[in-house]
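Welcome! Here is a short briefing to help you find your way around a structure you have not met before. Take a look at the sequence and the model, then read on.

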Amino acid sequence: MEIGLIYSKSDPRQAEARNFLKRFVAERGIVARIVESEQPVASPTLIINGQTLCEQRTRPRSAGASMFPSFDDIAHALERHLWSL
C-alpha cells in the first residue's frame with residue numbers, strides 16, 4: 001500500500017493527524033510506504049493508492065468545527081483499502 005500525506009507541521013491538529021496515521025499503520029502491521037510532504041496547507045490531504053481523501057467543504061459545519069478529515073475518516077479510508085487488497 002502506498003500512502004501519501006500532505007500536511008502542515010506548524011498546525012498542531014495536522015501534526016496529530018500525521019502521528020495518528022503512522023501509529024495506525026504501525027499498530028496494525030500494515031505494510032505501507034508513507035510519503036510525507038510538508039507544505040503550508042489549511043487542511044491535510046491523504047492519498048491512498050492514488051485515491052485522495054481531503055476536505056470537500058468550503059465552510060465549516062459549525063463554529064470551531066475542523067475543516068479536515070477526522071481520525072475516523074482516516075481510519076475508515078485505510079480499512080477500506082486494506083479490504084480491497
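How exposed is Asn 49, given its relative accessible area? Asn 49 is partly exposed, because its relative accessible area of 38% falls between the 20% limit for buried and the 50% limit for exposed. Please keep in mind that this is a predicted model. The tour below starts with the sheet, moves on to the helix and the loops, and ends with the salt bridges.

**The sheet**

- Four strands come together in an open sheet, and their order is E2-E1-E3-E4 with mixed pairing.
- At the edges you will find strand E2 (33–38) and strand E4 (51–53), each of which pairs on one side only.
- On average, neighbouring strands of this sheet are turned by 20° against each other, direction ignored.
- As background, strands of a sheet pair through backbone hydrogen bonds, either parallel or antiparallel.
- E1 and E2 are a parallel pair, joined over six bridges.
- Along this pair, Glu 2 stands opposite Arg 33 in E2, and Leu 5 stands opposite Glu 36 in E2.
- E1 and strand E3 (residues 45–48) run antiparallel and are joined by four bridges.
- Two bridge partners help you trace this pairing: Ile 3 is matched with Ile 48 in E3, while Ile 6 is matched with Thr 45 in E3.

**The helix and the crossover**

- H1 lies across E1, E2 and E3, and H1 runs at about 165° to E1.
- Now follow the chain from E1 to E2, which pair in the parallel sense.
- The route from E1 to E2 goes through H1, and this β-α-β crossover is right-handed.

**Ser 8, between strand and helix**

- Ser 8 sits in the loop between strand E1 (2–7) and helix H1 (12–27).
- With a relative accessible area of 4%, Ser 8 is under the 20% limit and therefore counts as buried.
- The side chain of Ser 8 makes a polar contact with the side chain of Ser 10, at 2.9 Å.
- Setting aside neighbours within four places in sequence, Ser 8 is in contact with Gln 14, Ala 15, Glu 38, Gln 39, Pro 40 and Val 41.

**Asn 49, between two strands**

- Asn 49, the residue from the opening question, has its place in the loop between E3 and E4.
- The phi angle of Asn 49 is near 50°, which is a positive value in a residue other than glycine.

**Salt bridges**

- How many salt bridges does the structure hold? There are five salt bridges in the structure.
- One of them joins Asp 11 and Arg 13, whose closest N and O atoms are 3.8 Å apart.
- Asp 11 counts as buried at 17% relative accessibility, whereas Arg 13 counts as partly exposed at 43%.
- Another salt bridge brings together the side chains of Arg 18 and Glu 36, at 2.9 Å from N to O.
- This pair links distant parts of the chain, since Arg 18 is in helix H1 and Glu 36 is in strand E2, 18 residues apart.
- The side chain of Glu 36 also meets that of Lys 22 in a salt bridge, at 3.3 Å from N to O.
- Because Glu 36 lies in strand E2 and Lys 22 in helix H1, this pair ties together parts that are 14 residues apart in sequence.
- Which residues are linked in a network of salt bridges? They are Arg 18, Lys 22 and Glu 36.
- Each member of this network is partly exposed: Arg 18 has 22% relative accessibility, Lys 22 has a relative accessible area of 33%, and Glu 36 has a relative accessible area of 32%.

**To take away**

- If you keep one picture in mind, let it be the open sheet in the order E2-E1-E3-E4, with H1 lying across E1, E2 and E3.
- Then add Glu 36 in strand E2, which forms salt bridges with Arg 18 and with Lys 22.

How values were computed. Residues numbered from 1 in each chain as written. Predicted model: local features only at pLDDT ≥ 70, side-chain atom pairs only at ≥ 80, totals over all residues. Heavy atoms only, no water. Buried < 20%, exposed > 50% of the residue type's maximum accessible area, 1.4 Å probe, protein only. Polar contact = N/O pair within 3.5 Å; in protein donor to acceptor, adjacent residues only side chain to side chain. Contact = heavy atoms within 4.5 Å. Pairing = 2+ DSSP bridges. Axes fitted to C-alpha atoms, helices over the stretch in contact; angles between N-to-C directions. Right-handed = clockwise from strand over helix to strand, strands pointing away. Salt bridge = Lys/Arg side-chain N within 4 Å of Asp/Glu carboxyl O.
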